[in-house]
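Welcome, and please take a look at the model shown here. A short tour of some of its local features comes after it.

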Amino acid sequence: MMPKKSEKKQTEPSFKHLGVLRKALSQAHTGEIVYKTNGEEEGQIHVTVGDLINDEATAKALKKLLTKSIANCELITERIEEKLESLAPPVVLTRVMNDIHWEAETLEQLKETFSKLPPIDVKMIPLHRYGYSDGLTYLMLYQEALKDEHFTTVKFFNECPFYTSLEQQIKVLVLGYCLGLITPHVATHSAKKEKKGKGKKRMRRTNIASRILDKIRGM
């Protein structure tokens, strides 16, 4: 018997929790991210002005949020009077991402989700300095976005070198998205007028990124 449409929708994966995490970190909220997995596991992640606590409890909760099938997730903003030992999000998130592994089916679902994004801009931060083990793949993402004003995640998936796995690609996209480093590309009239000047700046930034990539490859 064929499943009803409503039943099919219920089984479709949702990654809205990535948007909740992105909002909490990139918009510098203070409060708590609370979630429940489809297996009825609950978790909480404290956020202080967009920063995360660098402890085992937070790392464990983040890992579960990013790898489990999430039933619901929300950000509860509130004031926290006590001073918490917190760090910038890249420090904590890269630490967690180094140890994350997704099943093949989940990777394909994440690929499909990210493929729906419009053309993107990518901001550069030195993820390798935060201890991320694959800063090279993020640099490739950044470099390709600099070269193409209409760069999309689909192009990233299709044009990555053969030695870069899908999981490596997904990891840098999740990192960049949740940290607010990946944003929709917006073309304006003023930008068109300055296209020539920006093209030169873009070329300089591309050359710098290329030198960084060459330096890392030579390590």
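What follows is a report on a helix pair, a single helix, a threonine and two loop residues.

This is a predicted model, in which local features need pLDDT of at least 70 and side-chain atom pairs count only at pLDDT 80 or more, while totals for chains, interfaces and linings use all residues. Residues are numbered from 1 along each chain as its sequence is written, and side-chain values use heavy atoms, with hydrogens and water left out.

Let us begin with the helix pair. Two packed helices are described by the angle between their axes and the distance between the axes. Helix α2 (residues 16-26) and helix α8 (residues 166-178) have axes that come within 8 Å and cross at roughly 45 degrees. That angle makes α2 oblique to α8; angles under 35 degrees count as roughly parallel, over 145 as roughly antiparallel, 65 to 115 as roughly perpendicular and the rest as oblique. On the α2 side, the contact (heavy atoms within 4.5 Å) is made by Leu18, Gly19, Leu21, Arg22 and Leu25. Val174, Gly176, Tyr177 and Cys178 take part from α8. By class, the contact of α2 with α8 has six nonpolar, two polar and one charged residues. Here Ala, Val, Leu, Ile, Met, Phe, Trp, Tyr, Cys and Pro count as nonpolar, Asp, Glu, Lys and Arg as charged, and the others, Gly among them, as polar.

Next comes helix α3 (residues 56-67), whose 12 residues should span 16 Å at 1.5 Å a residue, and its end C-alpha atoms are indeed 16 Å apart. The expected span is 1.5 Å times one less than the number of residues. Buried residues of α3 are Thr58, Ala59, Ala61, Leu62, Lys64, Leu65 and Leu66. Buried means under 20% relative accessible area, exposed over 50%, and partly exposed in between (1.4 Å probe, protein chains only).

Thr94 sits in helix α4 (residues 89-98) and, at 0% relative accessibility, counts as buried. Its side chain reaches the backbone oxygen of Val91 at 3.3 Å. Beyond neighbours within four places in sequence, Thr94 is in contact with Leu127, Tyr130, Tyr132 and Leu175.

Finally, two loop residues deserve a glance. Most residues other than glycine have a negative phi. The table shows two with a positive value.

| Residue | Phi | Loop | Relative accessibility |
|---|---|---|---|
| Ala28 | about 55 degrees | between α2 and β1 (31-37) | 39%, partly exposed |
| Val49 | near 50 degrees | between β2 (42-48) and β3 (51-53) | 53%, exposed |

Notes: Helices (H or I, at least four residues) and strands (E, at least two) are DSSP runs, numbered from the N terminus. A polar contact is a pair of N or O atoms within 3.5 Å; within protein, one must be able to donate a hydrogen and the other to accept it, and residues adjacent in sequence count only if both atoms are side-chain atoms. Axes are lines fitted to C-alpha atoms, for helices over the stretch in contact, and angles run from 0 to 180 degrees between N-to-C directions.
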